[in-house]
Amino acid sequence: AGEVSQLICELTGFDRAALCNTGSEAVLGAMRIARTVTGRSLIVAFTGSYHGIMDEVLVRGTKKLKTYPAASGILPEAVQNMLILDYGTDESLRIIRERAHELAAVLVEPVQSRRPEFRPVAFLKQLREVTAAAGTTLIFDEVITGFRFHPGGAQALFGIKADLATYGKVVGGGVSIGIIAGNKDLMDALDGGFWQYGDASVPEVGVTYFAGTFVRHPLALAAAKASLEYMRAAGPALQQGLTAKTERLAHALNTELERQQLPFFVAHFGSLWKIKFHEEIPYSELLFTLMREKGIHIWDGFPCFLTTVYTDAEIDQLVAACLASARELVDAGFFKAPTPPTEASLPEAGTSFWLNQPPAPGARLGRDHAGNPAWFIADPSRPGSYQQISVN
């Protein structure tokens with residue numbers, strides 16, 4: 001347990017780490033810590049985020065700032081200390097600023113697994129400033145983003161440091177684990193803080209309750225130690241390679257989906273990708289049924305992830321199965337047939353071929369400093385920025 005906690009702190013930059021069984025438990029513990037230390041009750045979360053299976057986070061909000069359970073069996077009073085706002089909006093930031101003195105915490109899924117194409121970095125930076133000024137705990141739920149996109153998670157990619165963060169999934173290498181990591185002044189609420197045998201030191205911080213039968217299970221800890229040591233040795237290149245694979249997948253599919261005027265696209269960030277429809281289409285879930293018949297299983301409407309074991313050939317197989325399934329749905333009348341291109345939509349005579357052919361997956365066409373057409377790709381060292389690439 002000590003070795004795993006040290007690795008977590010080394011990779012994330014936090015002071016202390018605590019172990020549990022699942023990401024849901026980690027979120028529960030982080031919320032409990034925030035309320036214990038701040039003495040406040042209200043917690044903000046955002047529409048579209050997923051934070052696990054506890055009653056408080058299975059919640060829906062209204063424009064009138066009322067909260068309601070999102071599932072049957074949850075009592076209305078169980079969610080009354082949650083305030084649900086739209087993610088990434090100026091209006092939400094205004095409400096948080098006005099009510100910051102009431103807030104124990106703001107709970108954020110920095111890249112929402114259901115909307116990976118939306119990354120409001122400027123919003124998150126302002127949120128960090130507002131919460132820090134008000135003594136409100138900023139919790140990043142990195143159960144999905146942690147270690148998957150960068151060894152330091154979304155915090156390292158975006159240059160934003162939360163007070164507490166939750167992790168899971170990737171850390172356990174397939175074995176169930178949850179982790180809370182954070183600053184000492186908050187994490188001490190789990191055990192009273194530092195003390196040692198042989199002198200007069202004692203735990204001096206007031207504590208909350210957090211425990212479980214399988215917390216620090218030897219098998220989970222062995223798997224976590226192996227996974228973390230592997231990721232530490234590989235460094236950020238591991239995640240950068242996965243991101244490049246995913247960009248290749250998304251580019252291959254999106255290029256053809258747009259060309260064939262099909263009604264869906266691949267949203268992605270890092271190694272997370274998700275098939276999303278442009279509009280509601282009856283029986284659109286048949287796409288996943290047809291792909292399943294071709295050997296590709298995607299849980300209907302859920303996010304997907306590429307891992308290091310995927311080969312280029314397997315990615316090509318996935319792309320081919322998806323496009324073939326979409327064509328079957330066109331032929332059967334579930335998707336609209338593409339409209340033939342008009343003369344006005346064709347490239348002008350003399351247009352350079354390289355302008356129509358991206359030289360790398362995910363490349364975007366723009367203009368250089370001299371105003372000439374040029375290709376750009378995302379700069380992994382500066383999220384939200386692009387770097388020009390040369391074309392031979």
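Which residues are buried in H4? Keep that question in mind as we walk through this predicted model, starting with the helix itself.

Helix H4 takes in residues 121-134, which makes 14 residues. From its first C-alpha to its last, H4 reaches 20 Å, close to the 20 Å expected at 1.5 Å a residue. As for the opening question, the buried residues in H4 are Phe123, Leu124, Leu127, Arg128, Val130 and Thr131. You may want to pick out Arg128 and Thr131 in your viewer, as both are on that buried list beside Phe123 and the leucines. What lies over these side chains? The cover over the buried residues of H4 includes strand S2 (42-46), along with H3, S6, S7 and H5. Just after H4 comes Gly135, with a positive phi of about 70°.

Let us move on to two of the elements in that cover. Between helix H3 (90-99) and strand S6 (103-108) runs a loop, and His101 is found there. Is His101 buried or exposed? His101 has a relative accessible area of 55%, so it counts as exposed. A useful distance to check here is the one to Ala133: the two residues are 32 apart in sequence, yet their C-alpha atoms are 9.6 Å apart in space.

Now for some backbone angles. Most residues other than glycine have a negative phi. Phe147 is not a glycine, but its phi is positive, at about 70°. You will find Phe147 in the loop between strand S7 (137-141) and helix H5 (153-158). With a relative accessible area of 2%, Phe147 is buried.

Tyr283 also has a positive phi, of about 65°, without being a glycine. Its place is in the loop between strand S11 (272-277) and helix H9 (286-293). Here the side of the story about accessibility changes: Tyr283 has a relative accessible area of 53% and is exposed, whereas Phe147 is buried.

Finally, a look at the cysteines. How many disulfides does a search of the whole structure find? The search finds 0. Take Cys322 as an example: the closest cysteine sulfur to its own belongs to Cys304, and because the gap is 9.9 Å, it is too far for a bond. A disulfide would need the two sulfur atoms within 2.5 Å. Cys322 is buried as well, at a relative accessible area of 0%. Cys20, at 3% relative accessibility, counts as buried too.

Terms used
Residues numbered from 1 in each chain as written. Predicted model: local features only at pLDDT ≥ 70, side-chain atom pairs only at ≥ 80, totals over all residues. Heavy atoms only, no water. Buried < 20%, exposed > 50% of the residue type's maximum accessible area, 1.4 Å probe, protein only. Helix = DSSP H or I, 4+ residues; strand = E, 2+ residues; numbered from the N terminus. Expected span 1.5 Å × (residues − 1). Contact = heavy atoms within 4.5 Å.
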